[in-house]
Amino acid sequence: MERYVCIHGHFYQPPRENPWLEAVELQDSAYPYHDWNARIAEECYAPNAASRILDGEGRILSIVNNYARISFNVGPTLLAWLDVEAPEVYRAIVDADLVSRERFSGHGSALAQPYNHLIMPLANRRDKRTQVRWGIVDFEHRFGRQPEGMWLPETAVDLETLDILAEQRIRFTILAPSQARRVRRAGRRAWRDMSGGRVDPTMTYQARLPSGRTICLFFYDGPISRAVAFEGVLANGEQFAHRLLDGFDDARTWPQICHIATDGETYGHHHRYGDMALAYASHYLEANRLAHITNYGEYLERHLPTHEVEIFEHTSWSCAHGVDRWRSDCGCHSGGHPGWNQGWRAPLRQAMDWLREMLAPRYEEHARRFLRDPWAARDDYIRVLLDRSPDNLDRFLAEHATRPLEAQERATVWKLLELQRHSMLMYTSCGWFFDEISGIETVQVIQYAGRAVQLAEDLFGDSLESGFVERLSETKSNIPEHRDGALVYEKFVKPAMVDLAKVGAHYAISGLFEPYGDRSRIYCYTVDRQDHQTLAVGKARLAVGRAQVTSEITQESAVLSYGVLHFGEHNLHGAVRAYRGEEAYAEMVRDVTEAFTRADFADVIRLFDRYFEGVTYSLRLLFRDEQRKVLNQILEATLAEVEASYRQIYAHHAPLMRFLRDLGIPQPRALHAAAEFTLTTDLRRAFAADVPDFERIAALLDEARTWDIPLDGAGLRYALEQTLRRMGERLQATPTDLRLLEQLDRAAALARAMPSPVQLWKTQNTYYALRQSLYPEVRERAEQGDEDARAWVDQFAALGRTLGMRAAG
């Protein structure tokens with residue numbers, strides 16, 4: 001009897017973009033990476049695009065793209081981030097779908113997903129339809145084909161959702177075994193109860209929907225999926241393969257499919273090297289002809305459903321109480337906080353529902369002035385999100401606008417549609433999944449709501465903020481200092497809000513530390529400089545000017561005048577206002593520059609208050625990445641002074657420290673701190689050098705061991721990984737550079753000797769690609785007596801041994 005194996009990975013991250021900037025800002029908790037998306041991409045998404053299969057001696061036999069061998073979905077918001085921030089990984093994922101079509105009888109392995117991972121049974125029909133529509137169009141844009149299947153967020157399901165999928169020509173979805181209610185063979189009347197997860201997962205089922213449509217359902221193998229996610233099965237690829245084989249039963253008479261579903265992050269982020277276990281398990285099953293690796297589309301083409309199924313509605317894979325985890329204190333939580341409760345979940349959803357219902361009629365009423373069908377336009381707005389080029393904006397309005405629109409009317413349309421986008425983003429499931437209302441995931445969805453509130457006030461004139469915040473006050477925090485959702489809104493949402501004036505202030509302040517050209521891009525805003533003057537008196541600096549700030553999202557624009565006074569270090573006073581004509585602007589510039597030239601800084605501040613009407617800004621205003629960059633510049637002189645002091649202390653007292661060590665006496669903390677700072681600083685710089693000084697690094701590491709210095713393992717590892725990456729890129733550009741091969745070999749050897757694991761996979765990828773392409777040609781020249789080629793082949797082989805690669809044939 002035929003045996004099929006299908007492994008599904010649900011790759012997804014909570015949206016982390018600042019709703020006003022459309023970008024992920026610096027997240028210190030992800031150190032040494034910029035943010036958690038970047039960290040998880042490095043730990044999971046990239047390794048799965050080039051995963052290793054090892055031979056019996058632990059050497060790399062081959063490198064494979066796991067995405068081409070499994071079934072997978074990647075959340076659209078995550079794909080959008082990868083497209084910009086990790087384009088090689090993004091391309092590998094898209095290419096994997098192309099390869100899988102060749103591998104699996106024309107059926108691609110990628111599945112679509114409702115756009116922003118909201119819990120579908122808790123959404124109204126209109127939002128469900130838009131979410132599905134956006135997910136499909138996003139998928140078609142990226143993968144170039146109609147999706148066959150769609151993954152439901154948290155596998156949360158009801159019949160209306162399934163009907164919308166079927167209406168949109170989605171053939172199948174995947175559910176948990178506990179979501180099957182009863183089953184019967186097609187054409188028979190008697191049903192069999194499947195409650196308690198008793199459904200047979202080795203076949204596909206057909207669900208008949210109230211509309212008369214049908215959809216195919218796969219119920220994944222629950223025990224094996226749990227073992228993979230939580231029980232250590234990924235510690236060994238062969239063990240993983242045999243655990244999959246446990247899903248088959250010779251007593252069954254049909255072509256069986258053993259299929260599992262887990263978070264894609266299981267393979268690398270949750271379980272280090274899980275991607276390798278996945279690669280090897282697939283290889284092992286096929287090499288030993290134990291099962292046919294397939295995907296859902298191929299299996300469904302070969303084996304149509306023979307049974308019908310009815311589901312338990314309002315259920316999911318991650319809540320034992322259906323979908324209550326996203327609307328009540330059901331008892332489901334992420335753990336680790338005894339005594340906490342999630343009583344905040346219900347009033348938070350009620351606050352969001354209230355806001356949505358207040359916004360919908362206002363949106364419809366105002367949008368009808370400009371759009372033929374406001375809700376059809378919303379369904380189609382995904383095409384604008386994917387391409388904001390002027391030509392595409394024109395095409396969208398040509399299709400949906402009631403008439404040609406003026407520039408201000410166009411901006412209003414984009415604001416209205418952004419209002420609706422954020423009205424859906426605020427329901428992203430992660431906001432309710434975790435334990436505390438002040439957690440970053442919940443703050444994120446409240447920020448989406450805050451953006452919707454801000455847009456509504458701008459569009460409609462009436463503020464919904466007080467009513468929304470009043471409802472948030474019913475959401476009680478488990479942390480006394482955060483009190484409730486109203487305070488969370490005040491502490492974490494209000495300060496994040498951005499308008500054109502704030503962008504102008506950021507531009508003016510940061511311009512003192514980073515030169516801008518005539519046109520600059522600050523996240524999703526364009527700034528066109530119209531005038532800019534700078535002066536300096538001693539350490540003090542002044543900048544005054546005028547610029548036009550334009551939102552790339554809403555197309556709204558404003559000309560702003562600005563002034564910034566920097567006293568030195570972090571002491572800075574900035575001001576911005578709307579441009580009020582050339583005469584008023586010239587007067588401001590004249591008076592402020594005259595006062596500054598006299599070094600009358602108090603008068604400059606008084607003039608700022610007069611001309612800018614008391615609206616001032618400081619370094620606290622800067623967006624987080626730029627703020628950190630500016631503060632690093634400000635700290636540079638201070639840290640140089642501190643470094644010099646520490647170096648002097650260490651150099652002067654090192655003999656005494658050696659004497660104390662020889663006597664077995666603990667080092668005084670002050671001296672140990674000086675040694676730690678000095679050696680860690682030197683190591684970080686040495687590791688980050690384009691060509692590391694290996695002798696110096698060895699000496700520094702030896703010295704650190706002498707004083708028992710606790711090294712910054714994460715920071716040093718990251719620095720060395722980036723150096724290896726740069727060296728690998730240079731090798732790709734000049735692969736016959738023998739000296740570079742030698743240097744890369746020594747750097748890789750250093751990485752192997754580090755106390756904490758250094759990721760070599762990018763260097764190994766480069767090596768593997770050269771072994772497939774350049775190596776055969778150079779080896780042939782070496783065999784013909786070319787001495788230079790022989791030296792290159794020998795060094796290439798040495799690098800391969802250091803990298804743990806199997807010897808080339």
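Of the 809 residues in this protein, 57% count as buried. Keep in mind that you're looking at a predicted model. The accessible surface comes to about 34100 Å², and carbon and sulfur atoms own 49% of that area.

**Overall build**

The chain folds into 29 helices and 21 strands. Its radius of gyration is 30 Å, close to the 28 Å that the globule rule gives for 809 residues, so the protein is as compact as a globular protein of that length. If you drew a box around the C-alpha atoms along the principal axes, the box would be roughly 95 × 80 × 60 Å.

How much of the contact list comes from residues 24 or more positions apart? Among contacts with a separation of 6 or more, such pairs account for 68%.

**Charges and salt bridges**

Now for the charged side chains. There are 96 positive and 114 negative ones, and the centres of the two sets lie 3 Å apart. Side chains of opposite charge can pair when their charged atoms come close. Here, the structure holds 72 salt bridges. Let's take three of them, with the distance given between the closest N and O atoms.

| Acidic partner | Basic partner | N to O distance |
|---|---|---|
| Asp 138 | Arg 142 | 3.0 Å |
| Asp 200 | Arg 252 | 3.0 Å |
| Asp 682 | Arg 647 | 2.3 Å |

Start with Asp 138 and Arg 142. Both sit in helix α4 (residues 125-143), and because they are 4 residues apart there, about one helical turn separates them. Are these two buried or exposed? Asp 138 is buried, with a relative accessible area of 2%, and Arg 142 counts as buried too, at 10%.

The pair of Asp 200 and Arg 252 works across a longer stretch of chain: Asp 200 lies in the loop between β10 (192-193) and β11 (204-208), Arg 252 lies in the loop between α7 (237-245) and β13 (256-263), and so the salt bridge ties together parts that are 52 residues apart in sequence. Asp 200 has a relative accessible area of 18% and Arg 252 has 19%. Buried means under 20%, so both of them make the cut.

Then there's Arg 647 with Asp 682, whose closest N and O atoms are 2.3 Å apart. This salt bridge links two helices, with Arg 647 in α22 (residues 624-662) and Asp 682 in α23 (residues 669-688), 35 residues apart. Arg 647 is partly exposed at 27% relative accessibility, while Asp 682 is buried at 11%.

Salt bridges can also share partners. Arg 129, Asp 163, Glu 167, Arg 213 and Asp 379 are joined into one network that way.

**Two residues and their surroundings**

Which residues does Asp 263 touch, once you set aside its neighbours within four places in sequence? Asp 263 is in contact with His 10, His 270 and Trp 317. You'll find Asp 263 in strand β13, where it is partly exposed at 30% relative accessibility. For a sense of scale, Asp 263 and Glu 457 are 194 residues apart in sequence, and their C-alpha atoms are 39 Å apart in space.

His 506 lies in helix α19 (residues 500-510). At 2% relative accessibility, His 506 counts as buried. Leaving out neighbours within four places in sequence, the contacts of His 506 are Gly 511, Tyr 516, Ile 522, Leu 621, Leu 622, Phe 623 and Glu 626.

**Backbone oddities**

Most residues other than glycine have a negative phi, and most peptide bonds are trans. A few spots in this model go the other way.

Where does a cis peptide bond turn up? It joins Tyr 31 and Pro 32, with omega at about 10 degrees. Pro 32 belongs to the loop between β3 (23-24) and α1 (36-49).

Next, look at Ser 105. Its phi is near 55 degrees, a positive value, though Ser 105 isn't a glycine. Ser 105 sits in the loop between α3 (87-103) and β7 (110-111), and it is partly exposed, with a relative accessible area of 39%.

Ala 599 isn't a glycine either, and it has a positive phi of about 60 degrees. The loop between α20 (582-597) and α21 (601-611) is where Ala 599 lies, and at 38% relative accessibility it counts as partly exposed.

Key
Residues are numbered from 1 along each chain as its sequence is written. This is a predicted model: local features need pLDDT of at least 70, side-chain atom pairs count only at pLDDT 80 or more; totals for chains, interfaces and linings use all residues. Side-chain values use heavy atoms; hydrogens and water are left out. A salt bridge is a side-chain nitrogen of Lys or Arg within 4 Å of a carboxyl oxygen of Asp or Glu. Buried means under 20% relative accessible area, exposed over 50%, partly exposed in between (1.4 Å probe, protein chains only). Contact means heavy atoms within 4.5 Å. The radius of gyration is taken over C-alpha atoms; the globule rule is 2.2 Å times the number of residues to the power 0.38. Accessible areas come from the Shrake-Rupley method with a 1.4 Å probe; for residues, only the protein chains shown count as cover. Lys and Arg count as positive and Asp and Glu as negative; His and the chain ends are not counted. The place of a charge is taken as NZ of Lys, CZ of Arg, CG of Asp or CD of Glu.
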